Amino acid sequence: MEIEDASELIYYTYYMLDWTKVKQSPSSTECATCGGKMKVVEEVKDKKGLRYEGRVCHHCKTVFWVKKD
């Protein structure tokens, strides 16, 4: 997935993404809130080359992003 400025991901909430169009795969990471399994969100890149990896819990409606090197 590509966006204009990946640093804006910090402001994205669960409801700002169309989850039917975002690629996801299973993860062994457990949600800190409900304990359910989270999913790995496809890598997000911007035009500057910044890359972020996301995790989502659809049960809690939680999403977080981690900057990759």
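1. Start with Glu43. This is a predicted model, and in it Glu43 is partly exposed, with a relative accessible area of 26%. Its side chain meets that of Lys68 in a salt bridge, 3.1 Å from N to O. The pair joins distant parts of the chain: Glu43 sits in strand β3, Lys68 in strand β5, and 25 residues separate them. Lys68 also counts as partly exposed, at 30% relative accessibility.

2. The Glu43–Lys68 pair does not stand alone. A network of salt bridges links Glu43, Arg51, Glu53, Arg55 and Lys68. Arg51 also has a place in the strand pairing, where Lys45 stands opposite Arg51 in β4. The structure holds eight salt bridges in total.

3. Another salt bridge joins the side chains of Lys47 and Glu4, at 3.7 Å from N to O. Again the link spans distant parts of the chain. Lys47 lies in the loop between β3 and β4, Glu4 in the loop between β1 and β2, 43 residues apart. Lys47 counts as exposed because its relative accessibility is 61%. Glu4 counts as exposed too, at 57%.

4. Asp18 and Lys21 form a salt bridge as well, with the closest N and O atoms 3.9 Å apart. Asp18 is partly exposed at 38% relative accessibility. Lys21 is exposed, with a relative accessible area of 68%.

5. Asp46 deserves a check. Which side chain of opposite charge is nearest to Asp46, and how far away is it? It is Lys48, 5.1 Å away; Asp46 is buried and has no salt bridge. The cut-off for a salt bridge is 4 Å, so a separation of 5.1 Å does not qualify. Backbone nitrogens are close to the Asp46 side chain instead. That of Ala6 lies 3.0 Å from one of its polar atoms. That of Leu50 lies 2.9 Å from a polar atom of the Asp46 side chain.

6. Asp46 belongs to strand β3, residues 37-46. Beyond residues up to four places away in sequence, Asp46 touches Ile3, Glu4, Asp5 and Ala6. The strand pairing fits into this picture: Ile3 has Asp46 as its bridge partner in β3. Strand β1, residues 2-3, pairs with β3 in the parallel sense over two bridges.

7. β3 has further partners. Strand β2 (residues 24-30) pairs with β3 in the antiparallel sense, over four bridges. Ser25 has Val40 as its bridge partner in β3. Six residues lie between β2 and β3 in their hairpin, and Gly35 in the turn has a positive phi of about 85°.

8. On to β4, residues 51-57. β3 and β4 pair in the antiparallel sense over five bridges. They form a hairpin with four residues between them. Gly49 in this turn has a positive phi of about 95°.

9. The largest nonpolar core has 13 residues; Leu9, Trp19, Val41, Val56 and Trp65 touch the most other members. The elements giving two or more residues to this core are β3, β4 and β5 (62-68). Leaving aside neighbours within four places in sequence, Val41 is in contact with residues including Trp19, Val22, Val56 and Trp65. Charged residues also touch Val41, among them Glu53 and Arg55.

10. Last, Cys57, in strand β4. Is Cys57 buried or exposed? It counts as buried because its relative accessibility is 2%. Outside the residues up to four places away in sequence, Cys57 touches Tyr14, Cys31, Cys34, Met38 and Thr62. Tyr14 is 43 residues from Cys57 in sequence, with 9.1 Å between their C-alpha atoms.

Terms used. Residues numbered from 1 in each chain as written. Predicted model: local features only at pLDDT ≥ 70, side-chain atom pairs only at ≥ 80, totals over all residues. Heavy atoms only, no water. Buried < 20%, exposed > 50% of the residue type's maximum accessible area, 1.4 Å probe, protein only. Polar contact = N/O pair within 3.5 Å; in protein donor to acceptor, adjacent residues only side chain to side chain. Contact = heavy atoms within 4.5 Å. Pairing = 2+ DSSP bridges. Core = buried A, V, L, I, M, F, W, Y, C linked by side-chain atoms within 4.5 Å.
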